[in-house]
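Work through the exercises below with the sequence and the model side by side. Try each task before you read its solution.

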Amino acid sequence: MAGMNSHDEALREARPFALSGKAKLGLIAVIVYAVFASTQLGFSWDRFQAGLGHGARFLSRMFPPSLERLDVLWQGIAESLEIAVLASTLGILLSLPISLLGARNLMPSWATWPARAIVSLCRALHPVIVAIIFVKAVGFGALAGVLALSVASIGFIGKLFTEAIEEISLKQVEAVRASGASFANVILYAVLPQVFARFVGFATYQLDSNLRNSTMVGIVGAGGIGGTLFSAFQRFDYDFVCTILATIIAIIMLGELLARVVRAILLDNVSLADLLRGSAGGRKHAAANADAPAARTALRPGAGTAGGDA
Amino acid sequence: MNETTHIPRPQASSTAGALPDTWIRYTRGQRLLRFVLYLLFVLAIVQSIRTIDVIPEFLYDAPTQMADLVNRMWPVAWASFPGTIQQALIETLHMATLGTILAVIMAVPVGLAAAGNLTPYRLVNVLARFILVSSRSINSLVWALLFIAIFGPGPLAGTIAIAFRSIGFIGKLLGEAIEDAHPGPVEALTATGARTSAIIGYGYWPQIRPAFWSIVLLRWDINVRESAVLGLVGAGGIGMALNSAMDLFQWDKVALILVLIFTIVILAEILITRARRKLL
C-alpha cells in the first residue's frame, strides 16, 4: 500500500498538465511588457476608475435613443450606401484588369510588376489616410469617399484575385489555346470560368467591407453617415449617437445577409423556390464561403496587408 | 416543371429520368433569380450615380490641387522627426501591442463560447456570436469616439478601442478554428475523464495553435495600421501629430508622418512574416 501511495504522489509531483518553462517565460515577458507600456502611455487606475463613472453617465445619456432627426440620419445612411455601391463597382471593375495583368502565369514580367506595384501601393495605406488625400484633391463630399474606398477595394480584391488566377489549372488554357482561340477568348473561356466562384466570394466580401468603411470615411469629411456621427459626438448628442450606431449595426447585418443570398444564387445555383423554402444545404455552403477571404488572409503567410475590416 | 426539382449541378444529373433535348445550364427559376440579381445591381449603381452629390468644379480642379499638395509636401520635413513625432510613433506601437494583448484576453473566452462543438449550449453560442458581430460592426474609429467620450482623449481610449474592435476578429476566427478541430483527440481525452481545462489545453490547443498565432499576428499587423489613424479623432498616437500638422497646413510635416506610417506598416508586415515562419 505504501508503495502505491508514493507512486501516486510521484505522479502528482510530475504534473503532466503544467505549463512548460518556455510558456511561463513568454507569459512573464508579456506581463512585463504590458506594465512597461502602460506606464509609458500614462495609464493609471484612477483614470480608469474615473472613466467608469463617465461611462455610466455616458450610457445613461444614450438612452432613450433620439428619433428626432430621422431625415438627417436617412440622408447620411443613403450617402453611405451610395458610397459603398459605387466604390465596390469601381474597385471591382478596375481590379479585374489589374489582377489579370498581375498574374505571373499568364503575363510577361514587364506587365506583372507594375500591376503588382499598384496593388501593393493601394493596400499599404489605411483607407482613412487615402480619404484625407482625396478630400484635399476633390474636395469634401461623397466623391472623396468613393475614390478612397475604390483604392482600398483594388488593394484587397486585386491581391486575392491575382493569387486565385495564379492557382488555376493550365490544362484548360492549353485546350482552349489549341482550338485556335484568340487571347481574349482564352481569358474569357479558360481563365475566368475557373476563378468565377472565388471572384464572387471576394466581391461580396468587399461590398460588405466597403459598407462598414463607408460609415467611417465621413469622419475626415469624405461623405456618408460618419460625418453626422462625428458631429453628433462633438455636440454631445449621445442619444442621437445611439440611434446612428444602432442603424449602422442593423445595416451591416442586413448587408451580411444580402451577401449570403448573392453567394447562394451565383455559386450554389439556388432557384427561387429553394430561396423561399430556405434550403439549408445551400445556406451552409454560402456561410462557409462568406468567411473564406478573411480566413484565407489569416492563414496565409505575408498576407497581413489584405485585411483591416474582416 | 423543371425548377421544382432542385438540381445543384446539371451535369451530374444525366441519369435522372426525362431530360430536355438541349442542354440548359440553369433551370428557369435559377435564370430568373440571376437576372433579378443583376438587374438589382444595375439599378443600385444607376440610382447611386444619379443621387450622389458630386461638385463638378471640384473634380476639374483635382489635378491642380494634387500638384499643389505635392508641391507643399516637398521637401519632406525630416528635421522635425526627433521629439514629439518620434514619441507619437512609439506611442502608436505601444497602443497596437497593448490593444492586441487586451483583445486576446477578452476574445478567447468569447471565442470558446461561440464554438458550437466546445460549448453545446445554443443560447450561449448565439450570445457570444452577437458580441462578436457587434464588435466587428463598429469601426475602430467609432469605438475610439465612444471611449474618448468615456476616458477622455488620449492613448487610453485608443488602446481600449483597438482591443474592443479586435475582439470580434480574433474571437470569430478562433471560434471557427475550434469548430474545424478534429474531434478524435477531444473524444480520447474525454474518455480518460479529463477536466474541461485539460480537454481545451490538450485536445483543442495543439490543433488550433498555428491558427491562433497567425490570427494574433495578423490582428497585430492590422492594429498597427489602425492605431496610426485613431489619433485623427483624438485617441493618441501618430494620428494626433498628423491631425495637428494638417490643421496647421504644415504639409511637409504631413509628408513626413505619412512616410513614417508607411514605414512602420511595412516593417510590421516583415516582422509578422518572420515571426510566422518561426512560430508555425
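**Exercise 1. Place B:T119 by its contacts.**
Find which residues B:T119 touches beyond four places in sequence.

Solution. Step one: list the partners. They are B:L112, B:A113, B:V124 and B:N125. Contact means heavy atoms within 4.5 Å. Step two: locate the residue. B:T119 sits in the loop between helix 3 (81-114) and helix 4 (122-137) of chain B. Helices (H or I, at least four residues) and strands (E, at least two) are DSSP runs, numbered from the N terminus. Step three: classify B:T119. Its relative accessible area is 14%, so B:T119 is buried. The classes are buried under 20% relative accessible area, exposed over 50%, and partly exposed in between, with a 1.4 Å probe and protein chains only.

Ground rules: this is a predicted model, where local features need pLDDT of at least 70, side-chain atom pairs count only at pLDDT 80 or more, and totals for chains, interfaces and linings use all residues. Residues are numbered from 1 along each chain as its sequence is written, chains are lettered from A and ligands numbered from 1 in the order in which they are written, and side-chain values use heavy atoms, with hydrogens and water left out.

**Exercise 2. Describe the fold of chain B.**
State how many helices and strands chain B has, then compare its radius of gyration with that of a compact globule.

Solution. Step one: count. Chain B has ten helices and zero strands. Step two: compare. The radius of gyration is 26 Å, against near 19 Å for a compact globule of 280 residues. The radius is taken over C-alpha atoms, and the globule rule is 2.2 Å times the number of residues to the power 0.38. Step three: check the extents. The C-alpha trace spans about 80 × 60 × 35 Å along its principal axes. Step four: look at burial and contacts. Buried residues are 49% of the 280 in chain B. Of contacts between residues at least 6 apart in sequence, 70% join residues at least 24 apart.

**Exercise 3. Follow B:I208.**
Is B:I208 buried or exposed?

Solution. Step one: B:I208 has a relative accessible area of 8%, so B:I208 is buried. Step two: B:I208 belongs to helix 8 (residues 196-230) of chain B. Step three: beyond four places in sequence, its contacts are B:L174, B:A177 and B:I178.

**Exercise 4. Characterise the interface.**
How many salt bridges are counted between chain B and chain A?

Solution. Step one: the count is one. A salt bridge is a side-chain nitrogen of Lys or Arg within 4 Å of a carboxyl oxygen of Asp or Glu. Step two: the pair is A:K136 with B:D68, closest N and O atoms 3.5 Å apart. Step three: 85 residues of chain B contact 85 residues of chain A. Step four: about 7,200 Å² is buried between the chains, with 71% from carbon and sulfur atoms. Buried area is the accessible area (1.4 Å probe) that two parts lose on being put together, summed over both.

**Exercise 5. Trace the bridges within chains.**
Which parts of chain A does the A:R212 and A:E256 pair tie together?

Solution. Step one: A:R212 bridges A:E256, with N and O atoms 2.7 Å apart. Step two: A:R212 lies in helix 9 (residues 183-214) and A:E256 in helix 11 (residues 238-267) of chain A, so the pair ties together parts 44 residues apart in sequence. Step three: A:R212 is buried, at 4% relative accessible area. Step four: turn to chain B, where B:E269 and B:R225 meet in a salt bridge (3.7 Å, N to O).
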